[in-house]
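User: I'd like to learn how to read a model like this one, feature by feature. Could you walk me through it?

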Amino acid sequence: MGTKQQLAGLPEDADLRRADSLAREIFSDVANKWALLIIEALGERTLRFSELRTEVEGISHKMLTQNLRMLERNGLLDRKVYPTVPPRVEYTLTEPGRGLRATVDAMCGWTHRNLSHIESARRRFDA
């Protein structure tokens with residue numbers, strides 16, 4: 001988010017605290033479980049739709065389509081269509097998408113490191 005001092009000189013669209021900011025809209029788009037899992041699945045690879053659906057267990061066809069379109073719209077992945085019958089479509093992270101993947105990797109590492117602590121806390125809370 002940043003402090004007011006850190007945001008000084010940046011456009012209002014960069015302030016996540018503002019309800020009407022572009023930064024908040026982008027944050028909302030990419031900070032969902034499916035987008036994060038798609039970014040993690042792509043990694044440094046190029047995958048087809050069906051491969052992504054296999055990699056991201058539990059995602060529906062509709063949710064995968066919506067999230068791929070959103071990630072493409074935000075410039076985080078490239079979609080390449082080959083003129084074959086049926087059409088072959090491949091997805092690859094762009095440079096900004098690979099940059100975001102570093103953050104996703106850090107979040108995955110944090111989750112793995114803190115999993116037992118979180119499980120214990122949940123057991124205490126739910127008891």
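Analyst: Sure. Keep in mind that this is a predicted model. Let's begin with Asn67, which is found in helix α5.

User: Is Asn67 buried or exposed, and why?

Analyst: The general idea is to compare relative accessibility with a cut-off: under 20% is called buried. Asn67 counts as buried because its relative accessibility is 5%. Its side chain also has a partner, since a polar contact of 3.2 Å joins Asn67 and Asn32. Leaving out residues up to four places away in sequence, Asn67 touches Asn32, Trp34, Ala35 and Ile38.

User: Asn32 turns up there. What does a side-chain oxygen of Asn32 reach at the start of α3?

Analyst: That oxygen comes to within 2.9 Å of the backbone nitrogen of Trp34. So put two things together for Asn32: a side-chain link to Asn67, and this reach to the backbone at the start of α3.

User: How many residues of α3 are buried?

Analyst: Seven of its ten, so the helix is mostly covered, going by the under 20% cut-off. The buried ones are Trp34, Ala35, Leu36, Ile38, Ile39, Ala41 and Leu42.

User: And what happens just after α3?

Analyst: Gly43 takes a positive phi there, about 50°. For background, most residues other than glycine have a negative phi.

User: Next, the core. Which residues have the most contacts inside the largest nonpolar core?

Analyst: The general idea is to look for buried nonpolar residues joined through their side chains. Here the largest such core has 23 residues, and those with the most contacts inside it are Ile38, Leu42, Leu52, Leu68, Leu71 and Tyr91. Two or more residues each come from α3 (33-42), α4 (49-55), α5 (61-73) and β3 (88-93). The largest share, seven residues, is from α3.

User: What is Tyr91 in contact with, beyond its sequence neighbours?

Analyst: Setting aside neighbours within four places, the list is Leu42, Arg45, Thr46, Leu47, Arg48, Phe49, Leu52, Leu68, Leu77, Asp78 and Arg79.

User: Where is Val89 found, and what does it contact?

Analyst: Val89 is in strand β3. Its relative accessible area is 15%, so it is buried. Outside four places in sequence, Val89 is in contact with Leu47, Arg48, Phe49, Arg79, Lys80 and Val81. Don't read spatial distance off the numbering, though: Val89 and Gly99 are ten residues apart in sequence, yet their C-alpha atoms are 23 Å apart.

User: What about Glu51 in α4: where does its accessibility put it?

Analyst: Glu51, whose place is in helix α4, has 36% relative accessibility, so it counts as partly exposed. Its C-alpha is separated by 15 Å from that of Leu77, 26 residues away along the chain.

User: Can you show me how to read a long-helix feature, the kink in α6?

Analyst: The idea is to compare the helix axis before and after a residue. In α6 (residues 95-126) there is a kink of about 60°, centred on Asn114. As for burial in α6, Gly97, Arg101 and Val104 are buried, and what covers the buried residues of this helix includes α3 and β3.

User: An arginine in that list! What does Arg101 touch?

Analyst: Not counting residues up to four places away, Arg101 touches Ile39, Glu40, Gly43, Glu44 and Leu93. With a relative accessible area of 18%, Arg101 is buried.

User: Is its partner Glu44 buried or exposed?

Analyst: Exposed, because its relative accessibility is 60%. Glu44 lies in the loop between α3 and β1 (46-48). Beyond four places in sequence, Glu44 touches Arg98 and Arg101.

User: Which peptide bond is cis?

Analyst: As a rule, most peptide bonds are trans. Here a cis bond joins Val85 and Pro86, with omega about -5°. Pro86 lies in the loop between β2 (77-82) and β3.

User: Last one: how many aromatic pairs does a search of the whole structure find?

Analyst: Zero. A ring can still have a charge over it, however: the charged end of Arg88 sits over the ring of Tyr82, 3.9 Å from its centre.

Conventions:
Residues are numbered from 1 along each chain as its sequence is written. This is a predicted model: local features need pLDDT of at least 70, side-chain atom pairs count only at pLDDT 80 or more; totals for chains, interfaces and linings use all residues. Side-chain values use heavy atoms; hydrogens and water are left out. A nonpolar core is a set of buried Ala, Val, Leu, Ile, Met, Phe, Trp, Tyr and Cys residues joined through side-chain atoms within 4.5 Å. Buried means under 20% relative accessible area, exposed over 50%, partly exposed in between (1.4 Å probe, protein chains only). Helices (H or I, at least four residues) and strands (E, at least two) are DSSP runs, numbered from the N terminus. Contact means heavy atoms within 4.5 Å. The bend at a residue is the angle between axes fitted to the seven residues ending there and the seven starting there. A polar contact is a pair of N or O atoms within 3.5 Å; within protein, one must be able to donate a hydrogen and the other to accept it, and residues adjacent in sequence count only if both atoms are side-chain atoms. Rings of Phe, Tyr and Trp (its six-membered ring) pair if their centres lie within 6.5 Å; planes under 30 degrees apart count as stacked, over 60 as edge-to-face and the rest as tilted. A charge sits over a ring if NZ of Lys or CZ of Arg is within 6 Å of the ring centre and within 35 degrees of the ring normal.
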